[in-house]
Amino acid sequence: MMRLLPWEYAVRNLGRAPLRMALSMGGCGIVVLLVLASVGFVRGMQKSLTFSGGTDNVILLSAGSEESIERSEIDGSIAGTAAASISGIRERLGVKYISPEFHAAPLVYLERNSPERYMALMRGIRPEAFLVHPQVRIVEGHAPGTGEILVGHLAATRMGVPNESLEVGKQLWFDNRAWTVAGHFEAPGTVMEAEIWIPLTDLQIAMKRESKFSCVIMTLGSAELGDVQEFVKRRPDLELVAFREADYYGKLMTFFRPVQTMVWIATVLLAMGGLLGGLNTMYAAFASRVRELGSLQALGFKRRAIVLSLVQESVLTAVVGTLIAAVIGLALLNGVGVRFSMGAFRLMIDAPALATGFAAGAGLGLLGALPPAWRCLRMPIPDALKSA
């Protein structure tokens, strides 16, 4: 049976060169932090697109605009026609869960005649929108009235302005008039948090679309998707398509998959760079211990046992660096808003992200130790004992 070096030997060796240990931990921690940021980016985007669409919601769009609500234009009478023609739509106190909506992305100003303008994602709504979108909850202020807007928690991030610019009582300018912030809402894990909600009629007038909607969203009760699709087929003159709201955001997730792939590729390249840096550090560290390694072999320890001890040192250093990176990631990265074309979302440092980070850290510790350890141990014992 192969005799192994004591675990304490590997632990004590970490304190022999504090600066080298700190640099190794820092290098591994930086790589793991980048991995956490990348995985948090992908997880946050996936969650925002997955949870934005209600499972019981069906969306009506104009034919040919299945991948973009902003391009869709449907007649303003369709909401009433659908409510009268489709039975089984969810109701509460006689109010049907049908929300006609208008989506737009106008350029807005923080101050009148300001040279700086920002693109905002706006959704024109009626009160029924809060029934159809139960994820939305007003946390400050009140629902918007005429000349007022309701701001999502990530709207400032999407616009690229400080949060203080959109506090309750502040004003935004577009369509040559001021709009007062009436309140704030949250919709955790959805793209709606990056939007500004405004009374439907006000936005239609501002965008010169008085008789047009972008879509109609309804929540099914006893009805099924097939009932809505049958209504669409019976009215070809309306030129509509109907599908689940969750499927719409699922298509968007497919559209943004190349972006996620690029993030993963960048993460792998960064990890490879960190691995090469770790190899250089380990080569320098083990090269100064050639005589020590030769002495261990002279005492009867197998090369495999010595390699295992060196790997223990490396992995332990990497794990400590990974723990530090995980704490920093949870404190500084988790929940940070990120802009993208659909709006904004929050980085999500959850259990899968942490597991990926720990796997990356352990892998760096393992792969970073094996090549330099094996190279140093290939030297004959007499030469190793005579080395400086």
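**A covered strand, two helix pairs and a few unusual turns**

Strand 15 (residues 215-219) is mostly covered, with five of its five residues buried. This comes from a predicted model, so the description here follows what that model shows. In a regular strand, side chains take turns pointing to one face of the sheet and then to the other. Here both faces of strand 15 are covered: C215, I217 and T219 are buried on one side, and V216 and M218 are buried on the other.

Which strands run alongside strand 15? Strand 1 (residues 57-62) is joined to strand 15 by four bridges, and the two run antiparallel. Within that pairing, N57 stands opposite T219. Strand 5 (residues 98-104) also runs antiparallel to strand 15, again with four bridges joining them. There, I98 stands opposite M218 of strand 15.

Another antiparallel pair is made by strand 11 (residues 171-174) and strand 12 (residues 177-186), which pair over four bridges. Q171 has T180 in strand 12 as its bridge partner. The two strands form a hairpin with two residues between them, and D175 takes a positive phi near 55 degrees there. N176 lies in the loop between strand 11 and strand 12 and has a positive phi of about 60 degrees, although it is not a glycine. N176 counts as exposed, at 77% relative accessibility.

A comparable case turns up elsewhere in the chain. E239 is not a glycine either, yet it has a positive phi of about 55 degrees. It sits in the loop between helix 7 (225-234) and strand 16 (240-244), and E239 is exposed, with a relative accessible area of 57%. A glycine with a positive phi, near 105 degrees, is G300, which follows helix 10. As for helix 10 itself (residues 290-298), its buried residues are V290, E292, L293, G294, L296 and Q297.

Moving on to helix packing, two packed helices are described by the angle and the distance between their axes. Helix 11 (residues 303-333) and helix 12 (residues 351-377) pack at an angle of about 150 degrees, with axes 8 Å apart. That makes helix 11 roughly antiparallel to helix 12, and their crossing is right-handed. On the helix 11 side, the residues that meet helix 12 include R303, I306, V307, L310 and V311. Among those on the helix 12 side are L354, G357, F358, G361 and A362. By class, this contact of helix 11 with helix 12 has 18 nonpolar, five polar and one charged residues.

Helix 11 has a second packing arrangement, this one with helix 2 (residues 18-51): the axes come within 7 Å and cross at roughly 45 degrees. Helix 2 and helix 11 are therefore oblique to each other. The crossing of helix 2 with helix 11 is right-handed. Helix 2 brings M21, S24, M25, C28, G29, V32, L33, L36 and A37 to the contact, and these meet helix 11 residues including T317, A318, V320, G321 and T322. The residues of this contact of helix 2 with helix 11 divide into 13 nonpolar, six polar and no charged. A318 of helix 11 is also listed where helix 11 meets helix 12, as are T322 and A326.

Technical notes
Residues numbered from 1 in each chain as written. Predicted model: local features only at pLDDT ≥ 70, side-chain atom pairs only at ≥ 80, totals over all residues. Heavy atoms only, no water. Axes fitted to C-alpha atoms, helices over the stretch in contact; angles between N-to-C directions. Parallel < 35°, antiparallel > 145°, perpendicular 65-115°, else oblique. Left-handed = near helix turned anticlockwise from the far one by under 90°. Contact = heavy atoms within 4.5 Å. Nonpolar A, V, L, I, M, F, W, Y, C, P; charged D, E, K, R; others polar. Pairing = 2+ DSSP bridges. Buried < 20%, exposed > 50% of the residue type's maximum accessible area, 1.4 Å probe, protein only.
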